[in-house]
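Grab a coffee and work through these short exercises with the structure open beside you. Try each task before reading its solution.

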Amino acid sequence: MNYLFDGLRKKLEFIVKRPEYVYLAIALTGVIGFVFITPPFQGPDEHTHYNRVQYIANGYFIPVNVEKSDASLPYSIDQVAYKTFYSNDIRGGTNKKYDLHDTKDALNVPYSSDVQTKPVMVTYSPIPYLPAVPFVALSNLLNLSPLVSMYLARLALGIVSVLILFLAVRLIPYKKYFFAIV
């Protein structure tokens, strides 16, 4: 019995001495919750940011004027956005309910490059999007739904953000708990 309490005490001491692991556990739980609970494209400008990741995954690292270039994205990306966002925008409407059936339908829309569209390409730097690009490119290669690649992009960006802050808490010389809480 004493052995059981010693093991528990050692784990508790480990946690108390290393707040970065407390942060990691709480933050990863929050990220996973955000990724799967927030309806698709309901985050601020998420559709625009997702298009930017898709452009980068398709080789357009430097932003261009899409009207004057050959830059384009598959129409299936717009189809998913219309099914989940444009026809079902709940932002700002506390009395609106999200229709989960639209999301389930959008999961069945495959990535298809047969028909192209030219959504606006924002001029944001490609660097913050780089963690999501390999997952989006791989899902495009496998012809998975753009909605699947959007979820993978969310997950990749969330995990990388958590890991960067985990390292910051770990490396900061003092006030680790304060930084972890903030």
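**Exercise 1: Phe179 and its surroundings**

In this predicted model, Phe179 counts as partly exposed because its relative accessibility is 31%. Now place Phe179 in its element and work out which residues it touches, leaving out those up to four places away in sequence.

*Solution.*
- Start with the class: buried needs under 20% and exposed needs over 50%, so a value in between is partly exposed. At 31%, Phe179 gets that label.
- Next, find the element: Phe179 sits in helix 8, which covers residues 176-181.
- Then list the contacts: with residues up to four places away set aside, Phe179 touches Leu165, Ala168, Val169 and Ile172.
- Finally, check Pro19: 160 residues separate Pro19 from Phe179 in sequence, yet their C-alpha atoms are 9.2 Å apart.

**Exercise 2: The whole chain**

Work out the order of elements along the protein chain, then decide why the chain counts as more spread out than a compact globule.

*Solution.*
- Count the elements: you should get 8 helices and 2 strands.
- Read them from the N terminus: α-α-α-β-α-α-β-α-α-α.
- Compare the radii: the radius of gyration is 21 Å, while the globule rule gives 16 Å for 182 residues, so the chain is more spread out than a compact globule.
- Look at the box: along the principal axes, the C-alpha atoms fill roughly 70 × 35 × 35 Å.
- Add burial: 36% of the 182 residues count as buried.
- Round off with contacts: of those between residues at least 6 apart in sequence, 77% join residues at least 24 apart.

Terms used
Residues are numbered from 1 along each chain as its sequence is written. This is a predicted model: local features need pLDDT of at least 70, side-chain atom pairs count only at pLDDT 80 or more; totals for chains, interfaces and linings use all residues. Side-chain values use heavy atoms; hydrogens and water are left out. Helices (H or I, at least four residues) and strands (E, at least two) are DSSP runs, numbered from the N terminus. The radius of gyration is taken over C-alpha atoms; the globule rule is 2.2 Å times the number of residues to the power 0.38. Buried means under 20% relative accessible area, exposed over 50%, partly exposed in between (1.4 Å probe, protein chains only). Contact means heavy atoms within 4.5 Å.
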